[in-house]
Amino acid sequence: MKIDRLEIYHVKLPLVSPWRTAYGEDAEAHSLVVRMSSGEASGWAESTPLYAPTYSPEGAPSAFVVIREFLAPRIIGQEIESARALNERLSCFKGNYFAKAALEMAWWMLEAELQQKPLHQLLGGTRTEVEAGADFGVQDSVDLLLEKVQGAVEAGFPRVKLKMKPGWDLDVMRAVRSTFPDLTFHVDCNSGYTLEDLPLFRQIDRLGLAMIEQPLAHDDLVEHAELQRQIGTPICLDESVKSVRHARLAIQLGSCRVVNIKPGRVGGLQNALDIHNLCAEQGIICWVGGMLESSLGGGICVELATLPNFRYPNDIFPTAHFHRTDLTETRLEFGPGLTFQPSTVPGIPYRVRPERVAALAVQQAVVTT
Ligand code: MG
């Protein structure tokens, strides 16, 4: 297809309540939204790096500039026949995975529109429903957290994920485990610890967690391998796996037994597929992570999560849980049994409201031939 036009938006999505993690507090989610057009057809996608470069070295304001100044000019007016060809055209630019993903996912959505197929068929997904877990950020009190976990258990969620940070760790997790002896749960440390915290992780190791997500530095693989040798609980990498190469190195080093895949973090859906397939070959479990996407990005994540090696309940949420408003005509919601259903319509799973995107845009640009 020839890329005729790109609309690029940096949108600010107000949250129901602030999202607290080891790296800070977000009152809004910040996304890059791209509309890619070829002739009369267009595809929309969303990549959500948050506002400040706290989760990763990218933030929405800088990613917007990178797309407008560097990435978009490399693909506008070009015939791009595959996602790999698009990635190849952008490969002269280092890193900037969320920025690249916004364009790459828009290419897939445009391709799905042109082929008149749902995205999961293009990706090769096989699941007819997608499982989701419950997630809780750092709370104001342990009692409040226990109350929320109780609610998730009663609702029937298959697993719970808790954010952990220095000062909100061992005592909290012990309280959760003693209150819910049979609960499947894991902690996400968002790179808030170092190897000096090994005694803490040895204590956490006794709690029977499903995994410990990203305990050490956001760009580390070697120290995670050292930690994984010292504890029995599987380590799951999130921030550290930004590319297929990182995933391959992590497996070679023994840095993890689980990989959380976020299409934004790894530069798009083709890289997500490649990491998924590599992990499947090596017996590494994957699950799809979330970045507080709207229904636009969340719907794309549901399509991705239909692939067979996404074997742990995913971080995909009904958007009303976190977002005050949305970018789409209908919202991402649970189907029966706390699961999501893959799209049955060709192209975009949740139809975008362009006027809503424009109204929530902090910055916007149009690049044409
Ligand atoms: Mg994480």
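## The largest pocket

Of the 20 residues that line the largest pocket, those nearest its centre are Asp 135, Phe 136, Gln 139, Lys 148 and Phe 322. The model described here is a predicted one, and in it this pocket has a volume of about 500 Å³.

Three elements, namely strand E1 (5–21), strand E5 (134–136) and helix H5 (142–155), each supply at least two residues of the lining, and E1 gives the most, with five residues. Sorted by class, the lining of the largest pocket holds 11 nonpolar, five polar and four charged residues.

## The second largest pocket

The second largest pocket encloses about 370 Å³ of space, and of the 16 residues that line this second pocket, Ser 91, Tyr 97, Lys 100, Ser 243 and Asn 271 are the closest to its centre. Helix H2 (83–90), helix H3 and helix H9 (244–253) each contribute at least two residues to the lining of the second largest pocket. Its lining residues divide into four nonpolar, seven polar and five charged.

## Helix packing around H10

Two helix pairs involving H10 can be described in turn, since two packed helices are described by the angle between their axes and the distance between the axes. In the pair formed by helix H3 (residues 97–115) and helix H10 (residues 269–281), the packing angle is about 90° and the axes lie 8 Å apart, which means that H3 is roughly perpendicular to H10. On the H3 side the contact is made by Glu 104, Met 105 and Trp 108, and on the H10 side by Leu 269, Gln 270 and Leu 273. By class, this contact of H3 with H10 comprises four nonpolar residues, one polar residue and one charged residue.

In the other pair, the axes of H2 and H10 come within 9 Å and cross at roughly 110°, and H2 and H10 are therefore roughly perpendicular to each other. Here Ala 83, Arg 84 and Asn 87 of H2 meet Gln 270, Asn 271 and Asp 274 of H10, and the residues of this contact divide into one nonpolar, three polar and two charged. Gln 270 of H10 takes part in the contact with H3 and also in the contact with H2, while Asn 271, which belongs to the H10 side of the contact with H2, is also among the residues closest to the centre of the second largest pocket.

## The magnesium site

The magnesium ion is coordinated by Asp 188 (OD), Glu 213 (OE) and Asp 238 (OD), at 2.1 to 2.3 Å. Along the sequence, the spacing of these donor residues follows the pattern D-x24-E-x24-D. Glu 213 lies in strand E8 (residues 212–213), whereas Asp 238 lies in the loop between strand E9 (235–237) and H9, so this pair ties together parts that are 25 residues apart in sequence.

## Enclosed cavities

The count of cavities of 30 Å³ or more comes to three. In the largest cavity there is about 140 Å³ of space, and of the 17 residues that line the largest cavity, Trp 19, Lys 163, Lys 262, Gly 290 and Met 291 are the closest to its centre. The lining of the largest cavity divides into seven nonpolar, two polar and eight charged residues.

The second largest cavity has a volume of about 100 Å³. This second cavity is lined by 13 residues, of which Leu 292, Glu 293, Ile 316, Phe 317 and Thr 319 are the closest to its centre. By class, the residues lining the second largest cavity are seven nonpolar, four polar and two charged.

Terms used. Residues numbered from 1 in each chain as written. Predicted model: local features only at pLDDT ≥ 70, side-chain atom pairs only at ≥ 80, totals over all residues. Heavy atoms only, no water. Axes fitted to C-alpha atoms, helices over the stretch in contact; angles between N-to-C directions. Helix = DSSP H or I, 4+ residues; strand = E, 2+ residues; numbered from the N terminus. Parallel < 35°, antiparallel > 145°, perpendicular 65-115°, else oblique. Contact = heavy atoms within 4.5 Å. Nonpolar A, V, L, I, M, F, W, Y, C, P; charged D, E, K, R; others polar. 1 Å grid on protein atoms, 1.4 Å probe; cavity = no way out; pocket = protein on both sides within 12 Å on 5 of 7 lines; lining within 4 Å. Points joined across faces, edges and corners; volume = space filled by probe spheres on them. Donors = N, O, S within 2.8 Å, 3.2 Å for Na, K, Ca; no water.
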